[in-house]
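Thank you all for coming; I would like to take a few minutes to walk through one structure with you. Please have the sequence and the model in view while I speak.

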Amino acid sequence: MTPEVVLRVTGSYWRTFQVVRNQIVEFQFSYLFTGAIAAAIDPTYDTLDEEADDFFVYVTRMWEYWKDRDPEDFGGASSVAE
């Protein structure tokens with residue numbers, strides 16, 4: 001994946017996770033967000049709870065944070081040792 005790839009999650013109860021490149025949806029997966037019930041009745045429910053309840057929201061937010069970082073920021077070597 002490259003930085004121009006966009007990950008997106010839409011919907012509330014019935015959600016859709018998408019991988020978009022050059023404005024073309026390359027992958028799409030729809031699912032029932034079971035954490036929506038907790039979100040509806042828990043006044044303290046926040047984004048941290050949502051990330052814990054929905055893996056695709058977590059991945060999308062982490063991708064937004066890391067996608068433009070230098071590979072050196074990941075701490076690993078960029079080449080394979082021989």
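Before anything else, please keep in mind that this is a predicted model. Let me begin with T16, which, leaving aside residues up to four places away in sequence, touches R8, V9, T10, Q28, F29, S30 and Y31. T16 sits in strand β2, which runs over residues 14-21, and one of its neighbours deserves a separate mention, since the side chain of T16 makes a polar contact with the side chain of S30, at 3.1 Å. Is T16 buried or exposed? Its relative accessibility is 13%, and because the cut-off for buried is under 20%, T16 counts as buried.

Staying in strand β2, we come to R15, whose side chain meets that of E50 in a salt bridge, with 2.8 Å from N to O. R15 belongs to strand β2 while E50 belongs to helix α2, residues 47-53, so this pair ties together parts that are 35 residues apart in sequence. Both partners count as buried, R15 at 6% relative accessibility and E50 at 17%. The pair is also part of something wider, for R15, E50, E51, D54 and R61 are linked in a network of salt bridges.

How many salt bridges does a search of the whole structure find? The search finds six, and two others can be described briefly. R21 forms one with E26, where the closest N and O atoms are 3.1 Å apart; here R21 is partly exposed at 24% relative accessibility, and E26 is likewise partly exposed at 47%. E64 forms another with K67, the closest N and O atoms being 3.7 Å apart, and in this case E64 is partly exposed, at 41%, whereas K67 counts as buried, at 16%.

Let me turn now to the loops. In the loop between β2 and β3, the latter covering residues 24-32, we find N22, and Q23 is found in that loop as well. Each has a positive phi although neither is a glycine, with a value near 55 degrees for N22 and near 65 degrees for Q23. N22 is exposed, with a relative accessible area of 60%, and Q23 is exposed too, at 79%.

Finally, Y13 lies in the loop between β1, residues 6-10, and β2, and is partly exposed, with a relative accessible area of 49%. Together with W14 and L32, Y13 forms a nonpolar patch on the surface, whose accessible area comes to about 390 Å².

Note on methods:
Residues are numbered from 1 along each chain as its sequence is written. This is a predicted model: local features need pLDDT of at least 70, side-chain atom pairs count only at pLDDT 80 or more; totals for chains, interfaces and linings use all residues. Side-chain values use heavy atoms; hydrogens and water are left out. Helices (H or I, at least four residues) and strands (E, at least two) are DSSP runs, numbered from the N terminus. Buried means under 20% relative accessible area, exposed over 50%, partly exposed in between (1.4 Å probe, protein chains only). A polar contact is a pair of N or O atoms within 3.5 Å; within protein, one must be able to donate a hydrogen and the other to accept it, and residues adjacent in sequence count only if both atoms are side-chain atoms. Contact means heavy atoms within 4.5 Å. Patches are made of residues with over 30% relative accessible area and no salt bridge: like charges are joined within 9 Å, nonpolar side chains (Val, Leu, Ile, Met, Phe, Trp, Tyr) within 5 Å. Accessible areas come from the Shrake-Rupley method with a 1.4 Å probe; for residues, only the protein chains shown count as cover. A salt bridge is a side-chain nitrogen of Lys or Arg within 4 Å of a carboxyl oxygen of Asp or Glu.
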